[in-house]
Number of protein chains: 2
Amino acid sequence: MPQIAYLGPPGTFTEQASRALTTGFDAELVAYDAVPQALAAVRAGDVVAAGVPVENSVEGSVPVTLDSLVSGDPLVAVAETIIPITFDVLVRQGTTAAEVGTVASHPHAIAQVRGWLAENLPGARAEPAASTAAAAAAVDAGEFDAAISAPIVVEHYPSLERLATGVADVRDAITRFLLVRRPGPPPEPTGADRTSVAAVIAHEVGSLTDVLAELSLRGINLTRIESRPIRDRIGEYRFYLDFDGHVADARIGDALAALRRRCSEVRFLGSYPKADHSPSAVRPSASEQAFRASEQWLAEIRAGRLA
Amino acid sequence: MPQIAYLGPPGTFTEQASRALTTGFDAELVAYDAVPQALAAVRAGDVVAAGVPVENSVEGSVPVTLDSLVSGDPLVAVAETIIPITFDVLVRQGTTAAEVGTVASHPHAIAQVRGWLAENLPGARAEPAASTAAAAAAVDAGEFDAAISAPIVVEHYPSLERLATGVADVRDAITRFLLVRRPGPPPEPTGADRTSVAAVIAHEVGSLTDVLAELSLRGINLTRIESRPIRDRIGEYRFYLDFDGHVADARIGDALAALRRRCSEVRFLGSYPKADHSPSAVRPSASEQAFRASEQWLAEIRAGRLA
């Protein structure tokens, strides 16, 4: 059975995301200690793919993921998933709120439920754990009274039960994961796809405006942008761009070719179905038909058959 | 003495950054449990300012900082500092590497020294702590053998000593902090300043290109950009932009006014001296003199004295 890497341990948001990313095909999930190690395992061929956080992770570091994606052999995303960040509060069966003296979790998870804790478990002392799953394991072992955990973890610990569910100080926070593998034919276009690239450009006035104009002139909808300094290349900047469309689309291919001419480096990070399946709106002037018609017209002109 | 809030506990990178941000004026640093609470204290007038992470934090969450900056009453940055992310490995005096069986830290710090640990303390078990400083306190109390900590923490624990210093798997990683306060006259221009804004624009093809063109047409050098979805406003996106220059500069003021016309919301997040003091390069066509001359010329035209 093919193996897929993720940031462990089991029972975390990253396991939940990786399961969602691999729904429908048989794969064994393998936990790794850190995202760079999980990506190294994909590059080495030890696993076929890895599920990695790329936006607002609770336990992993997103900058580390982004830097690791572009350092080393190319990797491409083939699927994405977006999961809400809400926590379960788990206790040993029969424990009441009044009996909770200690509550454990990853410090970032504790930070995201601080308001809820003050209101609902005001007497409980927060204790750090290496992960949300490690917190549940410690409660299972009797070390703490309650754990702030990912919803998936209760499946691993039948002796625990939910004291509360859907806990989060901030409503509607989400975290986004990609399933990445070694380059190969991209997934078929679905009409609701996203394309990700990392582009390195000179750190000069207007260089990013020009790159984004290459997208907007072709009617391409940008969905995310983030700049990151490059460690060993003074005077250049790397931008992570996500936009609607598939590399097989004429307007996307045309834009990528333009980026290739304009940037000192463009790394294609994949075209994959959007998690929310929202169809890409395409202007008539940027449609497949418009591109085909304009190419045919140009060919006629060049052949001297039209003017 | 004025009080300044930061993300505690004492002895973390955030204390180190907040000290750097307040060098030269008498202020008492006050630790808060979370960045939103620290910013709330500034808004309420309980403290005069807060030091908050805005890029690549080890212990705090940068998305939480950004979201908290734009939610609630306005706040502006008046200073920035950039500090290298390298760790000290602290032990009780006299402990040798061979005697280290456990090493504690914030899980994000452990993730950033995993390679170093495997090479230098291969037998040591990693243990989670609520912060890098809490790890040092636990070593001081005899609970663990070593702590992965911010360089500043050794000042708080005279009984600890450095087993290693400058430890980091990734070279040249940095973290960036801003000192924010309630709105007031900005710091004087120094010729090496940065301006930060958060702009909300319609999520439409080309809207960001147009915003960035307002900057690049005026010769303004963008130093950072990050998009963030807005929770309760479908169809709009918020962008965090940092660029060279001071709100008192003609080209910056002109660009901000253009953004104000173009965006559904522009929040000025401050003009402040850059931590690296690198002077802003200004094109002749975007200089103060050029703006003054063009305004005088236009005034003459409008008055009918020139054509």
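This passage describes one pocket and the aromatic ring pairs of a predicted model.

The second largest pocket has a volume of about 380 Å³, and its lining is made up of 20 residues. Nearest the centre of this pocket lie E127(A), P128(A) and F144(A), together with P128(B) and F144(B). In terms of secondary structure, at least two lining residues each are supplied by β7 (125-128) and α6 (132-140) of chain A, as well as by β7 (125-128) and α6 (132-140) of chain B. Of these contributions, the largest share is that of α6(A), which provides four residues of the lining. With respect to chemical character, the lining of the second largest pocket comprises 16 nonpolar residues and four charged ones, whereas no polar residue is found in it.

Aromatic contacts were examined next. A pair of aromatic rings is described by the distance of the centres and the angle of the planes. Over all chains, the count comes to four aromatic pairs. In one of these, the ring centres of Y237(A) and F239(A) are 6.2 Å apart and the ring planes stand at 40°, so the pair is classed as tilted, given that planes under 30 degrees apart would count as stacked and those over 60 as edge-to-face. Both partners, Y237(A) and F239(A), are buried. In chain B, Y237(B) and F239(B) likewise form a tilted aromatic pair, with a centre-to-centre distance of 6.2 Å and an angle of 40° between the planes; Y237(B) and F239(B) are both buried.

Conventions:
Residues numbered from 1 in each chain as written. Chains lettered and ligands numbered in written order. Predicted model: local features only at pLDDT ≥ 70, side-chain atom pairs only at ≥ 80, totals over all residues. Heavy atoms only, no water. 1 Å grid on protein atoms, 1.4 Å probe; cavity = no way out; pocket = protein on both sides within 12 Å on 5 of 7 lines; lining within 4 Å. Points joined across faces, edges and corners; volume = space filled by probe spheres on them. Nonpolar A, V, L, I, M, F, W, Y, C, P; charged D, E, K, R; others polar. Phe/Tyr/Trp six-rings, centres within 6.5 Å; stacked < 30°, edge-to-face > 60°. Buried < 20%, exposed > 50% of the residue type's maximum accessible area, 1.4 Å probe, protein only.
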